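Welcome! Take a moment to turn the model around on your screen, and then let us walk through it together.

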Amino acid sequence: MKKIGKTETRYLTESALMIALGTVLSMLKFGGLWAFGGGVTFCSMLPMVLISYRWGVKKGLVASGAYAVLQMLLGIDNIQYATSIWMAAGIILLDYLVAYGVLGFSGMFRNRIKDPRLALVAGIGLTFFLRFLCHFVTGWMIWDALWPNEFGMLPAIYSLYYNGSYMLPEFLITSAVAAAFYKPLKKYLE
């Protein structure tokens, strides 16, 4: 049996704490404010961003993968609406596993962009955009087939509005908090 060193133990402990923090924050949604639905959390994905930025993409993907599975388990009742195995697979993969798993790529700009705050925000921008794309595709291809929108909009346009109405504020809030708190967190992130 392989021994786990102090660094690995620290990574596992920090990841577990950040996954727990992200999960609690994901349950604190500001919903009902958006015309098209959805809800905004207060930086629920920032803990996964910080793990990836601190430990690198490889370890970030492991932690965000665990976070994705937990998010799927918490939202498992959404799968009951699928009318086929393909729809269920699409919801599992694109609304949960891939959508939250991509957060592990957040640290990819750490050594590529000189300004560390800009590197952090660029990572947030990329991964939130990838997450948005996942939800956009399921909204367009799966959810609209289950519940056509009441506005008579084209499915792709409705999915763009619906998912953009909560992902854009989520990106702006998370980026602002990450940039504002970079200096106090600098010692942790190095």
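A patch, as the word is used here, is built from residues with over 30% relative accessible area and no salt bridge, where like charges are joined within 9 Å and nonpolar side chains (Val, Leu, Ile, Met, Phe, Trp, Tyr) within 5 Å. Accessible areas come from the Shrake-Rupley method with a 1.4 Å probe, and for residues only the protein chains shown count as cover. With that in hand, you can find a nonpolar surface patch of about 520 Å², made by Met-27, Val-69, Leu-70, Leu-73, Leu-74 and Ile-76. One of these residues, Leu-73, sits in helix H3, which covers residues 57–74.

Before going further, please keep in mind that the model is predicted: local features need pLDDT of at least 70, side-chain atom pairs count only at pLDDT 80 or more, and totals for chains, interfaces and linings use all residues. Residues are numbered from 1 along each chain as its sequence is written, and side-chain values use heavy atoms, with hydrogens and water left out.

Now step back to the whole chain. Its secondary structure comes to 7 helices and 2 strands. Both kinds of element are DSSP runs numbered from the N terminus, with helices (H or I) having at least four residues and strands (E) at least two. Following the sequence, you meet them in the pattern α-β-β-α-α-α-α-α-α.

How far does the C-alpha trace span along its principal axes? The answer is about 55 × 40 × 30 Å. The radius of gyration is 17 Å, which agrees with the value near 16 Å for a compact globule of 190 residues. That radius is taken over C-alpha atoms, and the globule rule is 2.2 Å times the number of residues to the power 0.38.

The accessible surface of the chain is about 10,500 Å², and 71% of this belongs to carbon and sulfur atoms. Of the 190 residues, 42% are buried. Buried stands for under 20% relative accessible area, exposed for over 50%, and partly exposed for anything in between (1.4 Å probe, protein chains only). Contacts, meaning heavy atoms within 4.5 Å, often reach far along the sequence: among those between residues at least 6 apart, 74% join residues at least 24 apart.

Let us turn to charged pairs. Side chains of opposite charge can pair when their charged atoms come close. How many salt bridges does a search of the whole structure find? There are 3 salt bridges, each being a side-chain nitrogen of Lys or Arg within 4 Å of a carboxyl oxygen of Asp or Glu.

Glu-8 pairs with Lys-59, with the closest N and O atoms 3.2 Å apart. Because Glu-8 lies in helix H1 (residues 6–26) and Lys-59 in helix H3, this pair ties together parts that are 51 residues apart in sequence. Glu-8 is partly exposed, at 30% relative accessible area, and Lys-59 is partly exposed too, at 24%.

Arg-10, Glu-14 and Arg-54 are linked in a network of salt bridges. Between Arg-10 and Glu-14, the closest N and O atoms are 2.9 Å apart. These two are 4 residues apart in helix H1, so about one helical turn separates them. Arg-10 is partly exposed at 48% relative accessibility, whereas Glu-14 is buried at 11%. The side chains of Glu-14 and Arg-54 form a salt bridge at 2.7 Å, N to O. This pair links distant parts of the chain, with Glu-14 in helix H1 and Arg-54 in helix H2, 40 residues apart.

Stay with Arg-54 for a moment. Its helix, H2, runs over residues 46–55. Is Arg-54 buried or exposed? At 16% relative accessibility, Arg-54 counts as buried. A polar atom of its side chain lies 2.4 Å from the backbone oxygen of Tyr-188. Not counting residues up to four places away in sequence, Arg-54 touches Arg-10, Glu-14, Arg-110, Tyr-188, Leu-189 and Glu-190.

Our last stop is Leu-93, in helix H4 (residues 85–101). At 44% relative accessibility, Leu-93 counts as partly exposed. Leaving aside neighbours within four places in sequence, Leu-93 is in contact with Val-98 and Ala-99. Leu-93 and Ala-68 are 25 residues apart in sequence, and their C-alpha atoms are 9.7 Å apart in space.

Notes:
A polar contact is a pair of N or O atoms within 3.5 Å; within protein, one must be able to donate a hydrogen and the other to accept it, and residues adjacent in sequence count only if both atoms are side-chain atoms.
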